[in-house]
Amino acid sequence: MLRALFAVALLSLACLLLRAARLGLAGDYVDPLGRITAQDEALYTNGAIHMAQQGGWITPVFMGRYALYKPPLLIWTAALSVKLLGVTRLALRLPVALLASLAAGLIFLWAAEARGWQAGASAAVLLAGNRLWHGLTSLCMTDGLLVAFYTSAMYCLFADPWLESGLAFWGFAASVAAAILTKSVAGILPLAVLGLYWLAAPPKNRPRFQRICAAGMAALVLAAPWFAWQLAVHPRWFWTEHVQVEILGFGAGAPHQTSQENPALFYLMRLAATDPLLLASALVAVPAFVIALRNRSAEATLLACWLAIIAAAVLGWQYRNASYLLPIVPALALLATTYGPFSTRSTANWLLLLACAGAIGKMALPDAAFGISFQEGTVQKAAPPLSEYCERARGNELIVIDAVDDLYASALPLAKLRYATVGAPISAGPYAMPFDYMGISMTPDQFANLPKWQPVFRQHLREWGLASDDPIGSLIVVASPAELAALARAHPASDFFAPMKYRAVLEGVAPQEFVGVSPDYFLLLSREPQPRQTPPAWGCRL
């Protein structure tokens, strides 16, 4: 069976790497219904490239500032891959794809041990054919790592619910520690599953309470050093960004949402839209699943605890994101294949046939919300013209207006990059850092008088524990289109990349040369081109 596990993992890896190599950076939707793009991939990529090329492996950065909103395991793995293989989107995405493929192998093994190899193969096909799984585990994002570690922890409990063997005990503890180092408090959910399982499972299948405590303590001890280091070395930044903004603000507060649906409806709609086959297969398995729970089945109890804890966490976390559904997908695949009407060994071939037919249908409709795509390209319309600009190898700074690239430019080897937004500034509070105080964001007037303000902001950054001027002026907050035109006039040596809606404001007014690069975007190129001091350190086509 071990050979079959690795065969499934290799097939899964081949599918994910094919997609990872062909899809542009941040080039897909994490929410196909809401059209929310994978912006975070560009953010993590910036940190991974900086770490691989300039060091600073303990504390991730983004555009020169500390990036402590998430723990660093994803950036560590991506940076190590880049260090070994070079800066390519395949290298950046390889660690997530590899670990997710191993997780797919564990799901195969779980279902195969419960109902036979056909059920295992069906579970693997349902998993590989899921839009969220296929999309998120082929990107350099935390969601793919997190679901891999969840699955590993759950399999350890399935294989040895008492956690008596060293392999199961340390496998569970290490998986939880890795999950914590991937996504902070979300990583402790397997411990919550273990606690609920201890309460609900039949007495003969429960781990000893001391064993639970030991596993939890081992996981926390393994994960704790990074958090302790940041709290000791960067206490103000870590506490504000990681705890107050990320956990208390977005997790327990009332952050701005991308959708106004109620939470249950939001997630149910996306679960149904991204994989109606998996949802229907899981729903028809519920009657047999309930019977197994009434019969006190340990395996059914563990699966129920997995589903319940993840569902409660997703609904309880205040910020809504379709990617939060990913950890429930492997559990639904197991539910469908081990308790569905075709889960018996005599009928399992029909389920495998249905799963394969469903996967083929999804590949035939790659643009549907449930579609599985291996097409080359990106949903980021700004990415191709920005890559072409990068290939010009200009030494002028580039200012991207309104972050229309979803931070794609931050991953490119540009001489100097800034962003500018037109509209009301984001004030510091429970959902944002005081970047205006640090000079990371500034007004056009402050930017125009940068030599005057730089010593002030340098001191403010040092108050926050950052001894670097690199992030100063990363974002320019412009109040109106007219002020944007004034910004371009005041900085003739800067290049600008902007959406076409600002053409009437800037063309003929700004001193730079207007260059239309697509129907949606244009460049303002300085008439004072500057040579680069060094050639681009990696390719411009990410």
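Is Lys362 buried or exposed? Select it and take a look: at 5% relative accessibility, Lys362 counts as buried, because buried means under 20% relative accessible area. Keep in mind on this tour that the model is predicted.

**First stop: Lys362 and its surroundings**

With Lys362 selected, colour helix H17, residues 348–364, and you will find the lysine in that helix. Next, show the residues that touch Lys362. Leaving aside neighbours within four places in sequence, its contacts are Gly129, Asn130, Asp275, Leu277, Phe370, Gly371 and Ile372.

From that list, pick Asp275 and display its side chain. The side chains of Asp275 and Lys362 meet in a salt bridge, with 2.8 Å from N to O. Asp275 sits in the loop between helix H12 (263–274) and helix H13 (276–284), while Lys362 belongs to helix H17, so this pair ties together parts that are 87 residues apart in sequence. Is Asp275 buried or exposed? Its relative accessibility is 2%, so Asp275 counts as buried. Lys362, at 5%, counts as buried too.

**Second stop: an aspartate with two arginines**

Now move to Asp469 and show the side chains of Arg458 and Arg462 with it. Arg458 and Asp469 form a salt bridge of 2.8 Å, N to O. Here Arg458 comes from helix H21 (residues 450–463) and Asp469 from the loop between H21 and S8, so the pair ties together parts eleven residues apart in sequence. Arg462 also meets Asp469 in a salt bridge, this one at 4.0 Å, N to O.

How accessible are these side chains' residues? Arg458 is partly exposed, with a relative accessible area of 27%. Asp469 is partly exposed as well, at 24%, and Arg462 is partly exposed at 37%.

For a side trip, select Arg19, Asp28 and Arg131: salt bridges that share partners join them into one network. The count for the model comes to 16 salt bridges.

**Third stop: strand S8 and its partners**

Which strands pair with S8? Select residues 475–478 to bring up S8, then add strand S6, residues 417–422. S6 and S8 pair in the parallel sense over four bridges. To see one of the bridge pairs, highlight Ala420, whose partner in S8 is Ile476.

Now add strand S7, residues 441–442. S7 and S8 run parallel and are joined by two bridges. Highlight Met442 this time, and you will arrive at Ile476 again, since that is its bridge partner in S8. Ile476 is thus a handy residue to centre on, with Ala420 as a bridge partner and Met442 as another.

**Last stop: a nonpolar patch on the surface**

Switch to a surface view and select Leu2, Phe6, Leu98 and Leu102. Together they make a nonpolar surface patch of about 360 Å². Which helices supply the patch? Helix H1 (2–22) and helix H4 (89–115) each supply at least two of its residues.

Finish on Phe6, which is found in helix H1. At 42% relative accessibility, Phe6 counts as partly exposed. Compare that with the starting point of the tour, Lys362, which at 5% counts as buried.

Key:
Residues are numbered from 1 along each chain as its sequence is written. This is a predicted model: local features need pLDDT of at least 70, side-chain atom pairs count only at pLDDT 80 or more; totals for chains, interfaces and linings use all residues. Side-chain values use heavy atoms; hydrogens and water are left out. Buried means under 20% relative accessible area, exposed over 50%, partly exposed in between (1.4 Å probe, protein chains only). Contact means heavy atoms within 4.5 Å. Two strands pair if DSSP finds at least two bridges between them. Patches are made of residues with over 30% relative accessible area and no salt bridge: like charges are joined within 9 Å, nonpolar side chains (Val, Leu, Ile, Met, Phe, Trp, Tyr) within 5 Å. Accessible areas come from the Shrake-Rupley method with a 1.4 Å probe; for residues, only the protein chains shown count as cover.
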